[in-house]
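Please open the model in your viewer and keep the selection tool at hand. The tour moves from one selection to the next and says at each stop what is there.

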Amino acid sequence: MARNGRVTVVGAGFYGSTTAQRLAEYDVLDEVVLTDIVEGKPEGLALDINQSRPIEGFETRVIGQTTGQNGEGYEAIAGSDVVVITAGLPRKPGMSRMDLIETNAKIVRSVAENVARHAPEAVVIVVSNPLDEMTALAQLATGFPKQRVLGQAGMLDTARFSHFVAETLAVPIASVQTLTLGSHGDTMVPVPSRCTVDGKPLTDLLPAEKVEELVVRTRNGGAEVVALLKTGSAYYAPSAAAARMARAVIEDSGTVLPVCAWVDGQFGISGVYLGVEASIGKEGVRAVEETDLTDPELAALKEAAEAVRAKQADVQTL
Ligand SMILES: NC(=O)c1ccc[n+]([C@@H]2O[C@H](COP(=O)([O-])OP(=O)(O)OC[C@H]3O[C@@H](n4cnc5c(N)ncnc54)[C@H](O)[C@@H]3O)[C@@H](O)[C@H]2O)c1
C-alpha cells in the first residue's frame, strides 16, 4: 500500500497524543511528528505508539520531538503537509473556554510563528481553545492564506449530537445524521432541518422539547465530560474529528465536513472564522458550502457570526 504525507501534531497532551495515534493507525501516512515543550514527553509517546505497530499492523512511523522556548527542535516539522495545533491548556470544571484565552493565545501565537518558519506550505488545523479565536490568531500569526488555516469544532459538536440522538432513540449511530454550525460555545447553531434518522426528519421522531434537550446537552457536551473527569477535557471524540480533517487534506478528498473556516460572503456573512460546512482538500478549505438553512437557522448563524467577530478582533492584541 502506498503511503504518503507527513502530519505534525503540536502538543503531546491527551488531545495531541490520541490524534497522533489515530493518524498512525490509519496507516496512510509516511510519518507523524509529535512535538511538545515537555522534555522527553513526545519522544516517549512516539516510542510507545511505534511499539504498537506489530500488534495494530501499521507502517506509519511516529517521530517525537521536544521543542524549546526559542523554537529549537522545530526543524523536525519541515515538509509537513498538515500541522494540527493542540498546544494549550484544557478547561477545569467550572471554567468556560473563554477563560483560557490569554494563556492559550501566547502559546498558539508562538507555535504558529514557528510553523510558518519551518512548514510554510502546511495546512494548519487548530484545536486549542477558545477555538474560533485561536483559529483566527493562528492565521494572523502564520500569515498563511485564510483557506489554509481552519479549526476543529463542528465535527465534534455534530458527533456529540448524533450520539445523543442515537442513544435516545436506541438506533444504530450509522442511521443518524445531524449538523451543528456556528461557534464552539454558547452560540453553537444546531440545524434541525438537516437532522435525520434513516432519512426521516428528527423533528418527526422526537417532540420539540426533547430535541431542544439534546441540543442543550450537545452545547454543554464538553463541560459534561470536564465535570466528570475533574481534571482535563475530552479527547477521544475530539481527536477522532481532528484526525479525520487531517486525512481529508492528505487524501485531497473534497469531503464536506463541518469545520471552523473563513467565511467571506457566504450566507451574507463576511470576514469571520465561523463553523460552517466546507469541502476539504490539499489546499485546506476548497469551498465553504452554502448549506440550505431555514430562516431561524440562518438568523442564528448570523448571530453566532457577530458574537465571534467581536472576540476575533481582540486576538490581534493578544
Ligand atoms: N476544539 C475542540 O473541540 C477541543 C476539544 C477538546 C480540547 N480542546 C483543547 O485542546 C487543547 C489541548 O487539550 P489536551 O486535553 O490535550 O490538554 P493537555 O494539557 O493534555 O495537553 C496540552 C499539551 O500542550 C503542551 N504545550 C503547552 N505549551 C506548548 C507549546 N508552546 N508548544 C508545544 N506544546 C505545548 C503541554 O505541555 C501539554 O502536553 C486545550 O486547549 C483544550 O481546551 C479543544
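Select P172 and show its surface: is this residue buried or exposed? P172 counts as exposed because its relative accessibility is 56%, where exposed means over 50% relative accessible area, buried under 20% and partly exposed in between, computed with a 1.4 Å probe on protein chains only. P172 sits in the loop that runs between helix 6 (154-169) and strand 7 (176-177); helices (H or I, at least four residues) and strands (E, at least two) are DSSP runs numbered from the N terminus. If you add M98 to the selection, the C-alpha atoms of P172 and M98 are 35 Å apart in space, with their positions 74 residues apart in sequence.

A word on the model is due here: it is predicted, so local features need pLDDT of at least 70 and side-chain atom pairs count only at pLDDT 80 or more, while totals for chains, interfaces and linings use all residues. Residues are numbered from 1 along each chain as its sequence is written, and side-chain values use heavy atoms, with hydrogens and water left out.

Next, select L23, V84, L274 and I280, which touch the most other members of the largest nonpolar core, a set of 53 residues. Such a core consists of buried Ala, Val, Leu, Ile, Met, Phe, Trp, Tyr and Cys residues joined through side-chain atoms within 4.5 Å. Helix 10 (residues 236-250) gives this core its largest share, 8 residues. Another core, of 28 residues, lies apart from it and includes V83, A119, A136 and A138.

Stay with L274 and display its surroundings: beyond its neighbours within four places in sequence, its contacts (heavy atoms within 4.5 Å) include G182, S183, C260 and L301.

G182 and S183 also lead to the largest cavity, since together with A153, G154 and G275 they lie nearest its centre among 13 lining residues. A cavity is a set of points on a 1 Å grid over the protein atoms alone where a 1.4 Å probe fits but cannot get out, and lining residues have an atom within 4 Å of a point. Strand 8 (180-182) is among the elements that give two or more residues to this lining, and the largest share, 3 residues, comes from strand 8.

Finally, select C195 and C260. C195 counts as buried because its relative accessibility is 1%, and C260 counts as buried at 2%. The sulfur of C195 is 20 Å from the closest cysteine sulfur, in C260, which is too far for a bond. The structure holds 0 disulfides, a disulfide being a pair of cysteine sulfur atoms within 2.5 Å.

Key: On a 1 Å grid over the protein atoms alone, a cavity is a set of points where a 1.4 Å probe fits but cannot get out, and a pocket is an open set with protein on both sides within 12 Å along at least five of seven lines; lining residues have an atom within 4 Å of a point.
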